[in-house]
Amino acid sequence: MTINHGTDRRYSDGCRCDECREAHKLKAREYRDRKRRGLTRPALLTAVMSMEQSGPGPVELAVESELAGLAAARERPGLAQVALSLARLMDGPAVTSKPAAAKQLMEILGTLAKGGAQGRRKLAVVKQMTEKGGA
């Protein structure tokens, strides 16, 4: 494996030879110049701005479609909005932990798919169904 000197990467790895220091100095100078002209932005701000400008992506559209068919989504609007926010995150270009967001999204959708009978035990639902006039 050859070691390429004269690069900012090599400088970041710890090399302090004249070529690497010069490369790092040039890169830092270019960055300061871009920053002075306002051409740099924090990555998160860029991702948020691009998410706001674009329309819904494929994951967000799919989640909206899935939520439309779930009664629990109407009963728990906060959880439904969290699912939509995670879907937007999955569609966006932001440098995030998308696998973790996908896992959380699937858990939320699973919770909503279980139904709206929250707080009622299964036997209570069966008892209601067996009572006279129960639906």
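R36 is exposed in this predicted model, with a relative accessible area of 62%. Its side chain meets that of D33 in a salt bridge, at 3.5 Å from N to O. This pair is part of a structure in which a search finds five salt bridges and in which the secondary structure of the chain comes to eight helices and zero strands. Three topics follow the overall description below: charged pairs, the buried acidic residues D8 and E60, and the positions A72 and I108.

**Overall architecture**

- From the N terminus on, the order of elements is α-α-α-α-α-α-α-α, and strands are absent from the chain.
- The chain has 135 residues, and buried residues make up 19% of them.
- The accessible surface of the chain comes to about 10,100 Å². Carbon and sulfur atoms account for 56% of that surface.
- Of the contacts between residues at least 6 apart in sequence, 45% join residues at least 24 apart.

**Salt bridges in helix α2**

- Helix α2 spans residues 18-36 and holds both R21 and D18. These two residues are three positions apart, about one turn of the helix.
- The closest N and O atoms of R21 and D18 are 2.8 Å apart, and the pair forms a salt bridge.
- The partners are not classed alike in accessibility: R21 is partly exposed at 44% relative accessible area, whereas D18 counts as exposed at 57%.
- D33 and R36 also lie in helix α2, and they too are separated by three residues, about one turn of the helix.
- Within this second pair, D33 is partly exposed, with a relative accessible area of 30%, while R36 is exposed at 62%.

**The R9–D13 pair and the ring of Y11**

- The side chains of R9 and D13 form a salt bridge, with a distance of 3.4 Å from N to O.
- R9 counts as exposed at 62% relative accessibility, and D13 counts as partly exposed at 47%.
- R16 is placed over the face of Y11, at 3.8 Å from the ring centre.
- Pairing between aromatic rings is absent, as the structure holds zero aromatic pairs.

**Buried acidic residues**

- D8 belongs to helix α1, which covers residues 8-12.
- Although D8 is buried, it has no salt bridge. The nearest side chain of opposite charge is that of K27, 4.0 Å away.
- Beyond its neighbours within four places in sequence, D8 is in contact with A23, H24 and K27. K27 thus appears both among the contacts of D8 and as the nearest side chain of opposite charge.
- E60 is located in helix α4, residues 58-68, and counts as buried at 8% relative accessibility.
- When residues up to four places away in sequence are set aside, E60 touches L84, A87, R88 and D91. This set includes a residue of positive charge, R88, and one of negative charge, D91.

**Buried positions with partners distant in sequence**

- A72 lies in helix α5, made up of residues 71-75.
- At 2% relative accessibility, A72 counts as buried.
- A72 and L109 are 37 residues apart along the chain, and their C-alpha atoms are separated by 9.9 Å.
- I108 is part of helix α7, residues 98-113, and is buried, with a relative accessible area of 11%.
- The C-alpha atoms of I108 and A80 are 8.0 Å apart in space, and the two residues are 28 apart in sequence.
- Apart from neighbours within four places in sequence, I108 is in contact with L79, V82, A83 and L86.

**Points to retain**

- The salt bridges described above include R21 with D18, D33 with R36 and R9 with D13.
- D8 is the case of a buried acidic residue without a salt bridge, and E60 is a buried acidic residue in contact with L84, A87, R88 and D91.
- A72 in helix α5 and I108 in helix α7 are both buried, at 2% and 11% respectively.

Terms used. Residues numbered from 1 in each chain as written. Predicted model: local features only at pLDDT ≥ 70, side-chain atom pairs only at ≥ 80, totals over all residues. Heavy atoms only, no water. Helix = DSSP H or I, 4+ residues; strand = E, 2+ residues; numbered from the N terminus. Buried < 20%, exposed > 50% of the residue type's maximum accessible area, 1.4 Å probe, protein only. Contact = heavy atoms within 4.5 Å. Phe/Tyr/Trp six-rings, centres within 6.5 Å; stacked < 30°, edge-to-face > 60°. Lys NZ or Arg CZ within 6 Å of the ring centre and 35° of its normal. Areas by Shrake-Rupley, 256 points an atom, 1.4 Å probe, with all protein chains shown as cover.
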